[in-house]
Every structure is written in C-alpha cells, then in structure tokens.
Amino acid sequence: MNTVDRDPTPYILVVEDDDGVFFQIARLVNSACSVVHFRQAHEATQWLREGHKVDMIIAGEKNGAFDLIANIRNQAAFSHTPFLITSNYLSSGLLQNAIRSGATDVLLVNDNDEAIREKIMYFLSLQLPPFLANHHFLSGSVLFKLPWWKRLIDITVSLVALLLLSPVLLLVALLIRLDSRGPVLYSSRRVGTNFHVFNMFKFRTMQPKADKLIRSLADQNIYSNGKRNPETRQTGSGRIQHLCDSCRLVGTTCQRILFDQDRMVCEYEYLHRQKESATFLKFNNDPRVTRLGRFLRNSSIDELPQLYNILVGDMSLVGNRPLPLYEAEKLTTDEYVKRFSGPAGLTGLWQVTKRAKGQGPMSEEERIRLDIRYAETFSFWTDMSIIYKTFFSLWQKENV
C-alpha cells in the first residue's frame, strides 16, 4: 500500500496495479487530499472492512472495480461514496456496467490532466463540505461547535421526551403498519451543521418508493419557477442526439454526456436545469402521502423520531432544518453556505413564521435569509422563544 499524506485529510482510495495511473492521480490532487493505494480490489475491500473511511474511491476496470463496488455499496458508510472507474477508453458496455453496478462515473486516464482533476474534485466536492473542497478553508477554523448549554438542553429534553412519549411512538408505529405496507420509519440522508451528512428519521407518511416519483411531480413544487426542463432524445442505436436546444441550434450533438439518476443527459442541459430548478421541494396535496400520513404530517407527529437524532448529536432542538443532499448542493455559494454554519434543528425560525400560520408558501429567498439570520444571531433566549412559539404551530395549515 502506498500513501501520499496531506493534512487535513480528505481521503481518496485508488485501486490500480499501474503505478503510473496512481502517481498521476496523486499528483493531480496532491495539494488537497491524501491518497491511499492498493493494487487489487480484495486488498482494498479488507482495508475498508477494518473500519477505514474514505471520501472517494477510484478503481481500475481491470483491477476488480466491479467486485469492490459490489462489496461496499450495501454498507451504509459507503452507500453514497463517489466511485469512479478508470479506463483507457469509453465504451457503451463499460457505461452500462458502471450504471448497473452503482458507480458514479468513468474516469478516462488518457484524458488531459485538467479534465481528470476537474472530474475528481467535482465529485469530491459533492461528498465533502464546500469549505473542505476549497483550499482557503482547509484549515477547518470555520467549523461550528455547538455551545455546551445547547447540547445540555438537547440531551435532557430529547431523553425525557423519548421516555414519556414511548407509548405514543409505539401506537403510531402500529397504526402505520395497519394503514399501508412498508417500513414504520423512513430515513433519508440529510446535510446539517458544517455539512455533516447523517441519516435523519421520520415516521413514514408516504407510499413505499415515493422518492422515485419526485421527477414526475416537479411541476407541482410550490417553490417551482414554472420552467420546464429541455427534452432529451435517444436514437434506436443508443447514441445520444440533440439533447438540448443549445446544441441543436449550432447543428451538433451534445459532446459531453453525464449520467443523472441512470439517465444520459447533456452537461449543458444538466447545469441549466440545476440553475433554473427550485432549491427546495414541497408539493401541495402530495399524492404520495398516505391517509394516516397526512394526519401525522399536519400534527407534526411524523417528526418525533428525530428526538433520537437530537439525542445522539446529529441535530439540535432548535436550528435550521437539515436538507436532503440534492437541496444542500445548491446552497454552496459563499453567501448561502452560512445557513450551514449554525445548528441543525427539529424546529427553527422559519417554522414559526409565515409557514406555520398558513399565510402561503414562503419563498426560497425568505427561507434562506431566516436560516442565515438564525445561524448568525441565535442565543439561549432566541431558542426559548422559538420553542414557545412551536407549541402553537404544531398543527400545520398547509397540506405539504
């Protein structure tokens, strides 16, 4: 095993028997990352099973990349870790195998250095907090630390609440079982303080596999700006043609193809969609919600399992709501990133304002500004005021 050390240490695991490829990757990310090197997949698999954590995995197509990804994707610690498969050339067979296996992308080692480094750092930045992806933040001096008084309140209140509400939690779990098929609890990857990613728990209020219906409901998003995404087209032979209007206007097919949720898209279209699409997702009268689920949502009972998240330190009682990964990645500008420099919470400033009073949906900008305001100005008395107002806002007046 070879290791190129740097401090601090976002880690990249490289599985390659070609030392030239390893040293090429190590040289390109040398100033920002530590690189761990194994020659074969079984060696890397054993190392990972010993409890080592990495922020990205790059493995050679001929060095057991598909075996490695099959062994780690079912582990929670590596279920969302970017996984790039290195190859000398791109083929349709390799792309299909990469998609089916759960790989993130293919890395062409014959490409120019800038293109290779750009792709590595792009996917690494989606996994790491932006202040770790940017060199001038690598010192870690901007990391937020929860005040002792806030952590003490969190532990005391969450522990007492879990004990007192345990009969209610068991009753709700039974009712969910009787109401619809599927698990009692729903967990989703959320981004909280300092871009810490964790599994946030709720009582399940939707039909199973509801996440897969988000794309079809995009037009019903209350934060949507009403713009539709460009269509994509694919020929019978599987080749991509005219995926976006811009490429069609210049009379060419799209040159840089990306994969978005197992679907081939033009890079220009993807970036345009990211820019134009709403940051937050909320749907009026969401058809995915079960009969019992609507009551649980309106009464905020579905949020009670997050008392466990508070007890273990993922969240606080009061703070900014942890966001899904696809929402958090849109708030990484120098201005918006401030909302992650404060506590992540069960309730917060925007929950006890216009939203809870049923005065119509709050705009994205209003919500982000309130999050930033709380992160910059929160105090003991601010938290007590929000907790007091929360008791009068538990019943939502919006069916979202």
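This tour moves from a nonpolar core to a helix pair that contributes to it, and then to a small set of paired strands. The model is predicted, and the residue numbers to type into the viewer count from 1 along the chain as its sequence is written.

**The largest nonpolar core**

Begin by selecting Ile 176, Phe 203, Leu 296, Tyr 374 and Ile 386, which touch the most other members of the largest nonpolar core, a set of 25 residues. To see where this core draws its residues from, colour helix H8 (166-179), strand S8 (197-203), helix H11 (291-298), helix H12 (306-312), strand S11 (316-318) and helix H14 (364-377), each of which supplies at least two of them. H8 gives the most, with four residues. In soluble globular proteins, nonpolar side chains tend to be buried together.

Next, centre the view on Leu 296 and display its contacts: leaving aside residues up to four places away in sequence, Leu 296 touches Val 172, Ile 176, Phe 203, Arg 204, Thr 205, Ile 301 and Asp 302. Apart from the core just visited lies another one, of 23 residues, which can be located by selecting Val 15, Ala 41, Leu 94 and Ala 98, all among its members.

**The pair H8 and H11**

Return to H8 and show it together with H11; the axes of these helices come within 9 Å and cross at roughly 150°. Because angles over 145 degrees count as roughly antiparallel, that crossing makes H8 roughly antiparallel to H11. For the contact itself, select Val 172, Leu 175, Ile 176 and Asp 179 on H8, and Arg 291, Leu 292 and Leu 296 on H11. Coloured by residue class, the residues of this contact divide into five nonpolar, no polar and two charged.

**The three-stranded sheet**

Now hide the helices and select S8 again, this time with strands S7 and S12, which together form an open sheet in the order S8-S7-S12 with antiparallel pairing. The edge strands are S8 and S12 (323-324), each of which pairs on one side only. Strand S7 (residues 185-191) is joined to S8 by seven bridges, and to S12 by two bridges.

A useful residue to pick here is Arg 190, whose bridge partner in S8 is Phe 198, while in S12 Arg 190 stands opposite Pro 324.

Finish at the hairpin of S7 and S8, where five residues lie between the strands and Asn 194 takes a positive phi near 55°.

Definitions and conventions:
Predicted model: local features only at pLDDT ≥ 70, side-chain atom pairs only at ≥ 80, totals over all residues. Heavy atoms only, no water. Core = buried A, V, L, I, M, F, W, Y, C linked by side-chain atoms within 4.5 Å. Buried < 20%, exposed > 50% of the residue type's maximum accessible area, 1.4 Å probe, protein only. Contact = heavy atoms within 4.5 Å. Axes fitted to C-alpha atoms, helices over the stretch in contact; angles between N-to-C directions. Parallel < 35°, antiparallel > 145°, perpendicular 65-115°, else oblique. Nonpolar A, V, L, I, M, F, W, Y, C, P; charged D, E, K, R; others polar. Pairing = 2+ DSSP bridges.
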